[in-house]
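This report describes a protein and DNA assembly for a reader new to such models. Please keep the sequence and the structure in view while reading.

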Protein chains: 2
Amino acid sequence: MTSIKDVAKLAKVAPSTVSLVLNHKGYVSEITRKKVEEAVAKLSYVPSEMARNLSLNRTNMIGVIVPEISHPFFATFIREVEVELYRRGYKTMVCSTVQKANAEHAFVNMLRRQTMDGIIMGAHSLELDIYDGLSHPIVAFDRFINENIPIVHADHQSGGRLAAKAFLPHRCHHIVQIMGAREVLTPANVHHEAFIETLTEAGTRVDTLEMAWNAFDPIDFLQTAEQLFNKYPDVDGIFGPDLAICSCMRVAAQRGIHVPENLKLVAYDGTYITRVGQQVITAVVQPIGHLAYMAAEKITSWVNGRPGEKLYALPVTLQKGDTC
Amino acid sequence: MTSIKDVAKLAKVAPSTVSLVLNHKGYVSEITRKKVEEAVAKLSYVPSEMARNLSLNRTNMIGVIVPEISHPFFATFIREVEVELYRRGYKTMVCSTVQKANAEHAFVNMLRRQTMDGIIMGAHSLELDIYDGLSHPIVAFDRFINENIPIVHADHQSGGRLAAKAFLPHRCHHIVQIMGAREVLTPANVHHEAFIETLTEAGTRVDTLEMAWNAFDPIDFLQTAEQLFNKYPDVDGIFGPDLAICSCMRVAAQRGIHVPENLKLVAYDGTYITRVGQQVITAVVQPIGHLAYMAAEKITSWVNGRPGEKLYALPVTLQKGDTC
DNA sequence: TTGAAAGCGCTAACAC
DNA sequence: GTGTTAGCGCTTTCAA
């Protein structure tokens, strides 16, 4: 391997000078700069990132933990985060947790070991004690972890209300909402309360169906949909995560229930999946790009020592579709 | 930062002994092992990955380059690759290229700089010269890069035939296939030829619509669908990538064309998106899990010095759906 | 403006 | 079995 010393030798300068040239630091005379650049070119020298990392005590790597990378919501989030981090000079390492027992734990240990400078944590973990006493940069994505960890999330309160208001003019009699597991501590849980509150005030019956914390497979959603129609045959409105609503549309079609005539549907999240079917699904849209921007911004500024300011919930919007 | 020396000092042993204990290497007496472990615990010492990397000249990090992380096909691929790499003790770094001008170039440079040990390259790059003379471990995912780079891909020849055979019994008169840009050098291109061949042999007219190399947004596919129905009003069969077929279903529905009665649809890829709509889309399914497994296997064995054996195309399957 | 030298924290060859 | 020592390749004072 050709190292900085080889370059120095060939250019007849000191390694430190080569370092200065390569990093555009300090003052280097035009003539030595040229010499160094020539030597670099001649040897086609490429500096070692590992050595640099050790010396600087930095990796410029940020880890992103999510329950399931391939889920449209997280996939889009990761895409956006990766772009934002790249802009700021950081690399993105990913980790999907639902398929791997305690990968989250392993990942957090990597943070300790300085494999990365910080992490954006969005997994649906149930064991939060692994974060206790950790002083490394961590930003939570739509998750409560502990008091020291700032959290980036959408304004789920408005989200719940927005969804409820979408149903209101249609005077549904019986709405069922599908929700994730309550045991997962996420600010997203408030949207259910806001939803129920707004609708029950208006006199609508609302029932709730809770899913498992690790349900991400389309199969899981299909089962839930079947279950829902069996348990509540008179349902005329459903509110739930994108994929759950997709499954409900399928099952409704199979049972001859017409959407939106006999059944109103509103999805929560509003990922692209609500826009690729035959009907556009009416949905509360989480601002994934904005969330990703904030997550990237907060984690990198923490890595650089700047304390994170308080974060206000990011605004959600309603996507007018064909299903409600 | 507490280092291996501090542990050694506290345990009254040499740093190398601590290293042996930590890495479960060589022979260490039970008694000194205990001493070391106690010291580690007392100092809550965590070894530095950066120092280890430099010393071992290894990062245990694999980069995965794709055009678009959030696309269902790539999102699923990355999920599977990440799981497979994790099993083998590697971390996964991702890079999405369509949004970032020459990120691919930057990424390949990271390989040179030893930021990662190897990369799995699946981007739709048009400039392949950046790979010339690169001797680092690279495995191409469904892309031709150059002679030295092994390639993991599905059996697209069978894929094209399988799709054609799905149409055959329905005796379509005019089938249109939507394809990616020909300028992207991918083994996937053969499926179009196999498709046309099989159908024209049977006397069916087949037209082809080519999309831009960087088309990944649902919007792009919707435009293509509109264009298709305008240009070929008599079309009664469409073959194309999952998202293109989704868009065609939407546009067909808007125009009152019934699927499958008046229009047969077959998708290529068969990602989960073909399974979340009201109708299951008939599709040729690429074995994403298998592809990911092979990609992970080949890149890690190359990193470990074992030469990659030749790879045979991985088998595809047909998903019987409601659309053909 | 440049060079010498001391790390960064770990591993591994080689003695003992 | 365990310790000594010399790196891995870079950055960064501090002198000159």
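Which atom of DNA strand C is 2.6 Å from an N or O atom in the side chain of Ser55(B)? It is a sugar or linking oxygen of DNA strand C. Such a pair is a polar contact, defined as two N or O atoms within 3.5 Å; within protein, one must be able to donate a hydrogen and the other to accept it, and residues adjacent in sequence count only if both atoms are side-chain atoms.

This is a predicted model, in which local features need pLDDT of at least 70 and side-chain atom pairs count only at pLDDT 80 or more, while totals for chains, interfaces and linings use all residues. Residues are numbered from 1 along each chain as its sequence is written, chains are lettered from A and ligands numbered from 1 in the order in which they are written, and side-chain values use heavy atoms, with hydrogens and water left out.

**The DNA strands**

A residue is near a strand if one of its heavy atoms lies within 4 Å of it. Around DNA strand C there are 25 residues, and those that come nearest are Ser29(A), Thr32(A), Ile4(B), Tyr45(B) and Arg52(B). Sugar or phosphate makes up 75% of the atoms of DNA strand C within 4 Å of the protein, and bases make up the rest. Helix α4(B) gives the most to this surface, with four residues; helices here are DSSP runs (H or I, at least four residues), as are strands (E, at least two), numbered from the N terminus.

DNA strand D also has 25 residues around it, and Ile4(A), Tyr45(A), Arg52(A), Ala14(B) and Thr32(B) come nearest. Here sugar and phosphate account for 71% of the strand atoms within 4 Å of the protein. The largest share of the surface near DNA strand D comes from α4(A), with four residues. By class, this surface has 11 nonpolar, 11 polar and three charged residues. Nonpolar means Ala, Val, Leu, Ile, Met, Phe, Trp, Tyr, Cys and Pro; charged means Asp, Glu, Lys and Arg; the others, Gly among them, are polar.

Some further polar contacts with the DNA are listed here.

| Protein atom | DNA atom | Distance |
|---|---|---|
| Ser55(A), side-chain N or O | strand C, base nitrogen | 3.3 Å |
| Ala51(B), backbone N or O | strand C, base nitrogen | 3.5 Å |
| Ala14(B), backbone N or O | strand D, phosphate oxygen | 2.7 Å |
| Ser29(B), side-chain N or O | strand D, phosphate oxygen | 2.7 Å |

**The two chains**

Chain A and chain B each bring 55 residues to their contact, where contact means heavy atoms within 4.5 Å. About 4900 Å² is buried between the chains, and carbon and sulfur atoms give 65% of that area. Buried area is the accessible area (1.4 Å probe) that two parts lose on being put together, summed over both. In chain B, Met50(B), Arg113(B) and Gln278(B) lose the most area to chain A, together 16% of what that side buries.

**Backbone details**

Most residues other than glycine have a negative phi, and most peptide bonds are trans. The bond from Val259(A) to Pro260(A) is cis, with omega near 5°, and Pro260(A) sits in the loop between α10 (242-254) and β9 (264-269) of chain A. In chain B, the bond from Val259(B) to Pro260(B) is cis, with omega near 5°. Gln114(A), a residue other than glycine, has a positive phi near 65°. Gln114(A) lies in the loop between α6 (103-112) and β3 (118-121) of chain A.
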